[in-house]
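User: Hey, got a minute to walk me through this one? I'd like the overall picture, then a closer look at one piece.
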Amino acid sequence: MNTLYPSFLTALDLVAGLDPALWSIVRRSLAVSATACALSFGAGLALGAWLGVARFRGRGVVLVLLNTLLALPSVVVGLLVYLLLSRSGPLGWLGWLFSFQAMVLAQAVLVLPVVTALTRQTVEDAERAYGEQLQSLGAGRLLRSLLLAWDTRLALFTVLVAAFGRAISEVGAVMIVGGNVDGFTRVMTTAIALETSKGDLPLALALGMVLLAVVLALHGSVALLQRWAVRRDAAAGAAALTLATGAAA
Amino acid sequence: MALAAGAPLLALTGAGVRFGRLQALAGVDLQVHAGERIALIGANGSGKSTLLRVLHGLQPLSAGKLACAAPHRQAMLFQRPYLLRASTQTNVALGLWLRGHAWREARARALTALARVGLEALAHQNGRTLSGGQQQRVALARVWALQAQLLLLDEPTSSLDPHAKREVEALIAQLADPGAVQTGSVQPGTAPVTTVFSSHNLGQVKRLATRVLYLEQGRVLADLPMHEFFNGPLPQAARLFVKGETL
């Protein structure tokens, strides 16, 4: 309790004073997670949308496995990617271990099941409700998956934010494959773990504040976007009624 | 493509559909002839929607067969139409594009179709923001644009308020028999569209149908011309249903 208050004040100073060491870690963290999410979102969206409308033998088993992967511990992902990228591993020739690319790969693997499973659920719900109508217009499965994914884009934006939140807040995978090398692979979560163990609470607290602020900003932006969409739709609906009433009169 | 009056478009023979233990349709024989306006009536769960889905090829048969006796274009309108979160023009154009029209041409034809249902002023409006009646009119524009010769309608007005119900019913009447109805925003002068529709509204059935099928537990218990159905003798189940519905 005696160290908390002064540590907190110092942490605020670090954030407000744009401490170069702190902000370099924050920038790296954001870059790693954003790149990982961009990669996994492309693949996960396509795969999830297809799974949402596809019907094939063994689909139930695939979905159970996919949902199981949602609970994949990040340290296990870190270990698997480490084994892949280690010198004797199948991807060792890339020379990516303890690099930015290794951390991106680990986080992409970590969030891919999240994006795929949530997209699958969103598109499957839409398919159940409206797929038959699109089918009656002549849309095949592939086209339906694309149209329904596009039509549920607001919900899928929430999926993207959830995936980014999972990526930026994980520590195990980037610690194992990144190595927490100062100035190269140190990100917010690994830095918090290290600084706490060293007893440098102000920097750990400052990073924690930034991490929370990033997650808060993301979820806040989703809430604002949804609110804006609801208001825009309501206004457009009222305008349509006015137009229709005017035309009838 | 002009179809000769009286030519059968679709023929169902001994049609049956089973969902697990539930027999949704059983032994249904039905021929749909060009120019007919067939109403399907019956209680909830009697098989009306399943029959329409079978006729449109959305539901495979468990027994019997569906024969397409003459090549034709057909479309289906649902109780709650699905419009994409896009402009009404895009929503109408989508149906044409999916049937092979170039996108630019599809959008131009979509405008004409929207004008036909009196919604050209809302061409750029997000379809999802329209009222239920307006959405159903956009859906009607979408199927009208396809120039379908057979239109299947699954309770097209049941989720609408009375005013919207009248508007949509008038449009359906004009699509089905443009020569008979000369009022409203739809312009007459196009070929009549053969229609098969389900409804709980017996007044609507009297206004729109030329032939009535009464279904109960997946079986057709009565198949009569409209005037005979409402004025002649009926099987007891159908008589009780009509009596209950008209009370």
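Analyst: Sure. A contact here means heavy atoms within 4.5 Å. Also, this is a predicted model.

User: OK, so among contacts in chain B between residues at least 6 apart in sequence, what share joins residues at least 24 apart?
Analyst: That share is 66% in chain B.

User: And how many helices and strands does chain B have?
Analyst: Chain B has eight helices and nine strands. Its radius of gyration is 18 Å, close to the 18 Å from the globule rule for 247 residues, so chain B is as compact as a globular protein of that length. Along the principal axes, its C-alpha atoms fill a box of roughly 50 × 35 × 35 Å.

User: How much of chain B is buried?
Analyst: Buried residues are 54% of the 247. The chain exposes about 10,600 Å², with carbon and sulfur atoms supplying 53% of that.

User: Switching to charges: how many positive and negative side chains?
Analyst: Chain B has 25 positive and 14 negative ones, and the centres of the two sets lie 6 Å apart.

User: Now helix 5 of chain B. How far does it reach?
Analyst: Helix 5 covers residues 162–176 and spans 21 Å from first C-alpha to last, close to the 21 Å expected at 1.5 Å a residue.

User: Which of its residues are buried?
Analyst: Among them are Val168(B), Glu169(B), Leu171(B), Ile172(B) and Gln174(B).

User: What covers those buried residues of helix 5?
Analyst: The cover includes strands 3 (37–41), 6 (150–154) and 7 (194–198), plus helices 3 (103–116), 4 (132–145) and 6 (202–208), in chain B.

Note on methods
Residues are numbered from 1 along each chain as its sequence is written. Chains are lettered from A and ligands numbered from 1 in the order in which they are written. This is a predicted model: local features need pLDDT of at least 70, side-chain atom pairs count only at pLDDT 80 or more; totals for chains, interfaces and linings use all residues. Side-chain values use heavy atoms; hydrogens and water are left out. Helices (H or I, at least four residues) and strands (E, at least two) are DSSP runs, numbered from the N terminus. The radius of gyration is taken over C-alpha atoms; the globule rule is 2.2 Å times the number of residues to the power 0.38. Buried means under 20% relative accessible area, exposed over 50%, partly exposed in between (1.4 Å probe, protein chains only). Accessible areas come from the Shrake-Rupley method with a 1.4 Å probe; for residues, only the protein chains shown count as cover. Lys and Arg count as positive and Asp and Glu as negative; His and the chain ends are not counted. The place of a charge is taken as NZ of Lys, CZ of Arg, CG of Asp or CD of Glu. The expected span of a helix is 1.5 Å times one less than its number of residues.
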